[in-house]
Amino acid sequence: MLDHLRHAFALSYLRNGGDTLSLQRIMGHTDLTMTKRYVAYTLGDIKEQHAHASPVNKLVPVKKRVVSERCVKH
């Protein structure tokens, strides 16, 4: 039961913006090897994090890209 709670906490912490190094300290692990046991990303988690952190997505907002494309077509 305790392992399940630790795993759920670790996933929730990371999904809410926490990083693995601080999670390692919070959980009391001496290295990231143990922390990785509690961290299992799904494909959706990885895609969401990439979309959130990608520098390319920060260059031009989506709405401006769509407006620019419409202007070029006319």
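Phe9 is partly exposed in this predicted model, because its relative accessible area comes to 39%, a value that lies between the 20% mark for buried and the 50% mark for exposed. The residue is found in helix α1. Setting aside its neighbours within four places in sequence, Phe9 is in contact with Leu23, Ile26 and Met27. Two of these partners, Leu23 and Met27, are listed among the buried residues of α2. Phe9 and Met27 are 18 residues apart along the chain, and their C-alpha atoms are separated by 9.6 Å.

Stepping back to the whole chain, there are six helices and zero strands, so reading from the N terminus the elements simply go α-α-α-α-α-α. The chain has 74 residues, and buried ones make up 18% of them. About 6300 Å² of the chain is exposed, with carbon and sulfur atoms supplying 61% of that area. As for how the chain meets itself, take the contacts between residues at least 6 apart in sequence: 34% of them join residues at least 24 apart.

Back to α1, the helix that holds Phe9. It covers residues 2-15, which makes 14 residues. From its first C-alpha to its last, α1 reaches 20 Å, close to the 20 Å expected at 1.5 Å a residue. Its buried residues are Ala10, Leu11 and Leu14. These sit on the same side of α1, because they cover an arc of only 95° around the axis. The spacing fits a simple rule: an α-helix has 3.6 residues a turn, so residues three or four places apart point the same way. The cover over the buried residues of α1 includes α2 (20-27) and α3 (32-38). After α1 comes Gly17, and its phi is positive, near 105°.

The other side of α1 has Leu2 and His4, both exposed. Leu2 belongs to α1 and counts as exposed because its relative accessibility is 60%, with the cut-off set at over 50%. Leu2 also joins Met1 and Leu5 in a nonpolar patch on the surface, and together the three have about 390 Å² of accessible area. His4, likewise placed in α1, counts as exposed because its relative accessibility is 55%. Along the chain, His4 and Tyr38 are 34 residues apart, yet 8.9 Å is what separates their C-alpha atoms. Tyr38 is at the end of the range given for α3, 32-38.

Helix α2 can be described in much the same terms. Its buried residues are Leu23, Gln24 and Met27. Seen down the axis of α2, they fall within an arc of 105°, so they line one face of the helix. Leu21 and Arg25, on the other side of α2, are exposed. The cover over the buried residues of α2 includes α1 and α3. In turn, α2 is part of what covers the buried residues of α1, and the contacts of Phe9 with Leu23 and Met27 involve residues that are buried in α2.

Technical notes. Residues numbered from 1 in each chain as written. Predicted model: local features only at pLDDT ≥ 70, side-chain atom pairs only at ≥ 80, totals over all residues. Heavy atoms only, no water. Helix = DSSP H or I, 4+ residues; strand = E, 2+ residues; numbered from the N terminus. Expected span 1.5 Å × (residues − 1). Buried < 20%, exposed > 50% of the residue type's maximum accessible area, 1.4 Å probe, protein only. Arc of directions from axis to C-beta. Contact = heavy atoms within 4.5 Å. Patch = residues over 30% accessible without salt bridge, like charges linked within 9 Å, V, L, I, M, F, W, Y side chains within 5 Å. Areas by Shrake-Rupley, 256 points an atom, 1.4 Å probe, with all protein chains shown as cover. Salt bridge = Lys/Arg side-chain N within 4 Å of Asp/Glu carboxyl O.
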